[in-house]
Amino acid sequence: GMQALASSAFFSNLTSVEVTRNQIGDAGIQALAASSLFSNLTSLAVTFYHIGDAGTRALFTSPFFPELTSLNVQSSQIGDAGMQALAASRFFPKLTSLTFDYDHFSCA
């Protein structure tokens, strides 16, 4: 699945990826986040399934999304640990749009 996509040079020119209502889990998110082949992405949507703490940390601390301007993690059940990883991240220098909805982080 996602591990095969993340290792295929065929997709290295993609600028937008939307993974919606899939069961790729932490392993799939970690594979996506660890792939330098996605360094041209400007838009990433990973929505409507559970992203665990490991997947969230991998995504939000990946150095392979330098061009990302839009990140949508709507209904991905991101918790406080994921939000802390995002807040501490230095890896989204061009991010201008961030979408959360029905996630599980607190107000603290």
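Helix 2 and helix 3 pack against each other with their axes 8 Å apart, at an angle of about 10 degrees. In this predicted model, the two helices are therefore roughly parallel to each other. On the side of helix 2, the contact is formed by Asp26, Ile29, Gln30 and Ala33, and on the side of helix 3 by Asp53, Ala54, Gly55, Ala58 and Leu59. Classified by residue type, this contact of helix 2 with helix 3 comprises five nonpolar, two polar and two charged residues.

Helix 3 also packs against helix 4. The axes of helix 3 (residues 53-60) and helix 4 (residues 80-88) come within 9 Å and cross at roughly 10 degrees. Since angles under 35 degrees count as roughly parallel, helix 3 is roughly parallel to helix 4. The residues in contact are Asp53, Thr56, Arg57 and Phe60 from helix 3, together with Ala81, Gly82, Ala85 and Leu86 from helix 4. Four nonpolar, two polar and two charged residues make up this contact of helix 3 with helix 4. Asp53 is listed in the contact with helix 2 and also in the contact with helix 4.

The burial pattern of helix 3 can be set beside these contacts. Gly55, Thr56, Ala58, Leu59 and Phe60 of helix 3 are buried. The buried residues of this helix pack against helix 2 (25-33), strand 2, strand 3 and helix 4. Of these buried residues, Gly55, Ala58 and Leu59 belong to the contact with helix 2, whereas Thr56 and Phe60 belong to the contact with helix 4. Threonine 56, located in helix 3, has a relative accessibility of 2% and therefore counts as buried. With residues up to four places away in sequence not counted, threonine 56 touches Ile51, Ile78 and Gly82. Gly82 is also among the helix 4 residues that form the contact with helix 3.

The strands form an open sheet of four, in the order 1-2-3-4 and with parallel pairing. Strand 1 (16-20) and strand 4 (97-99) are the edge strands, each of which pairs on one side only. From one strand to the next, the twist averages 5 degrees. Strand 1 pairs with strand 2 (residues 43-47) in the parallel sense through five bridges, and serine 16 stands opposite serine 43 in strand 2. Strand 3 and strand 4, which run parallel, are joined by three bridges. Serine 70 has serine 97 in strand 4 as its bridge partner.

In a regular strand the side chains alternate between the two faces of the sheet. Strand 1 shows this alternation: Val17 and Val19 are buried and point to one face, while Ser16, Glu18 and Thr20 point to the other and are not buried.

Several loop residues were also examined. Arginine 21 lies in the loop between strand 1 and helix 2. Although arginine 21 is not a glycine, its phi is positive, at about 55 degrees. The relative accessibility of arginine 21 is 61%, so this residue counts as exposed. Serine 7, in the loop between helix 1 and strand 1, is likewise exposed, with a relative accessible area of 57%. The C-alpha atoms of serine 7 and alanine 31 are separated by 8.2 Å, with the two residues 24 positions apart along the chain.

Proline 66 is situated in the loop between helix 3 and strand 3. Its relative accessibility of 30% places proline 66 in the partly exposed class, given that this class lies between the 20% and 50% limits. Once neighbours within four places in sequence are left aside, proline 66 is in contact with Ser39, Pro93 and Lys94. From proline 66 to alanine 88, the C-alpha to C-alpha distance is 16 Å, at a sequence separation of 22 residues.

With regard to confidence, the protein averages a pLDDT of 85, and 94% of the residues score at least 70. Confidence is lowest in helix 1 (residues 2-6), where the mean is 83, and highest in strand 3 (residues 70-72), at 94. Strand 3 is also one of the elements against which the buried residues of helix 3 pack.

Definitions and conventions
Residues numbered from 1 in each chain as written. Predicted model: local features only at pLDDT ≥ 70, side-chain atom pairs only at ≥ 80, totals over all residues. Heavy atoms only, no water. Axes fitted to C-alpha atoms, helices over the stretch in contact; angles between N-to-C directions. Parallel < 35°, antiparallel > 145°, perpendicular 65-115°, else oblique. Contact = heavy atoms within 4.5 Å. Nonpolar A, V, L, I, M, F, W, Y, C, P; charged D, E, K, R; others polar. pLDDT = per-residue confidence, 0-100. Pairing = 2+ DSSP bridges. Buried < 20%, exposed > 50% of the residue type's maximum accessible area, 1.4 Å probe, protein only.
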